[in-house]
Amino acid sequence: MAMIAVPTGAKPSFWRRALAWYVEEMKHILPPTIFFFIGFNLILWTKEMILREHDIEFSGFITATVAALLVGKAVLVTDHMPFMRRFDGAPLLQPILFKAAIYWACVFLVRIGEALFHFLYEGNALVDFPNYLSDRLSWPRFLVVQVWLMVLFLVYVTIHELNVLFGDGELYRLFFRWRSSQAKLTRRQRIRLLTRLSRLTEANATEAFSDPSSAAHAQLVEIVRRLAAPPAAVPGPGDSPRHIG
């Protein structure tokens, strides 16, 4: 039976594209959701320990879970807004403070909207909502949560921006795979190689790199091979690190 060949340039089906979009969105929403899920539960655990001294039972696991999901969704929606990249070229402190403030404001509006939803669900009129905010809403508790949210947002955005700065996955390797001495040695070697590459391109024309028999081409291949190599082993106490450059 003859097989029908599928063109290599065929457009993926709708369901395949929808699945790819869903997976990409989940990759985006999971880090902030997990981070805030842990952070909220630590706050609630601290509150539970304090209230236990007064024999007051308290449990807010479901609340923390729902709040983490709301924050994760708010981060996902906010990150798609073009103005979020306004300070990407500025010193690192500016995008961290700007994005943390935007996230904080979005969650503030979401929490007010949640209170409005419950208020209307109970059969109240919309015109009475301002009085509810001023008279019945516990503002001290509301603002304490907002302060903790700002702290968590600052920590989260700082980690996120450092991960973007070093390259996706670099922080994971630094924290969980590389030893400290190995990471420092590897970073020094790469900086020296990149400096050598910069000097090589300044000293030679483009045609020299295209000629396989030229010395510039041989040096270029050597530098690229070293840059692509896995992290070098850390020298022992009796060894001296190899000088590159």
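The largest nonpolar core in this predicted model has 20 residues, and Phe36, Phe40, Val71 and Phe153 have the most contacts inside it. A nonpolar core here is a set of buried Ala, Val, Leu, Ile, Met, Phe, Trp, Tyr and Cys residues joined through side-chain atoms within 4.5 Å. Buried means under 20% relative accessible area, exposed means over 50%, and partly exposed is in between (1.4 Å probe, protein chains only). In soluble globular proteins, nonpolar side chains tend to be buried together.

Where do the residues of this core come from? Helices α1 (14-52), α2 (61-79), α3 and α5 each supply at least two of them. The largest share, six residues, belongs to α3. Helices are DSSP runs of H or I with at least four residues, strands are runs of E with at least two, and they are numbered from the N terminus.

Take Val71 as an example. If you skip its neighbours within four places in sequence, Val71 is in contact (heavy atoms within 4.5 Å) with Phe36, Phe40, Val107, Leu149 and Phe153. There's also a second, separate core of eight residues, including Ile112, Phe119, Leu137 and Phe142.

A quick word on the ground rules. This is a predicted model, so local features need pLDDT of at least 70 and side-chain atom pairs count only at pLDDT 80 or more, while totals for chains, interfaces and linings use all residues. Residues are numbered from 1 along each chain as its sequence is written, and side-chain values use heavy atoms, with hydrogens and water left out.

Now for the charged pairs. The structure holds three salt bridges, each one a side-chain nitrogen of Lys or Arg within 4 Å of a carboxyl oxygen of Asp or Glu.

| Salt bridge | Closest N to O |
|---|---|
| Lys99 and Glu161 | 2.8 Å |
| Arg196 and Glu222 | 3.2 Å |
| Arg226 and Glu222 | 2.9 Å |

Lys99 and Glu161 make a salt bridge that links distant parts of the chain, with Lys99 in helix α3 (residues 93-121) and Glu161 in helix α5 (residues 139-166), 62 residues apart. Both Lys99 and Glu161 are buried.

Arg196 and Glu222 also pair up, and they too link distant parts of the chain: Arg196 is in helix α7 (residues 180-203) and Glu222 in helix α9, 26 residues apart. Arg226 and Glu222, on the other hand, both sit in α9, four residues apart, about one turn of the helix. Put together, Arg196, Glu222 and Arg226 are linked in a network of salt bridges. How exposed is Glu222? Glu222 is partly exposed, with a relative accessible area of 25%, and Arg226 is partly exposed with a value of 25%.

Let's stay with α9. Its 14 residues (215-228) should span 20 Å at 1.5 Å a residue (1.5 Å times one less than the number of residues), and its end C-alpha atoms are 20 Å apart, which agrees. Which residues of α9 are buried? They are Ala216, Ile223 and Leu227. Seen down the axis, the buried residues fall within an arc of 35° (taken from the directions from the helix axis to the C-beta atoms), so they line one face of the helix. On the other side of α9, Ala215, Arg225 and Ala228 are exposed.
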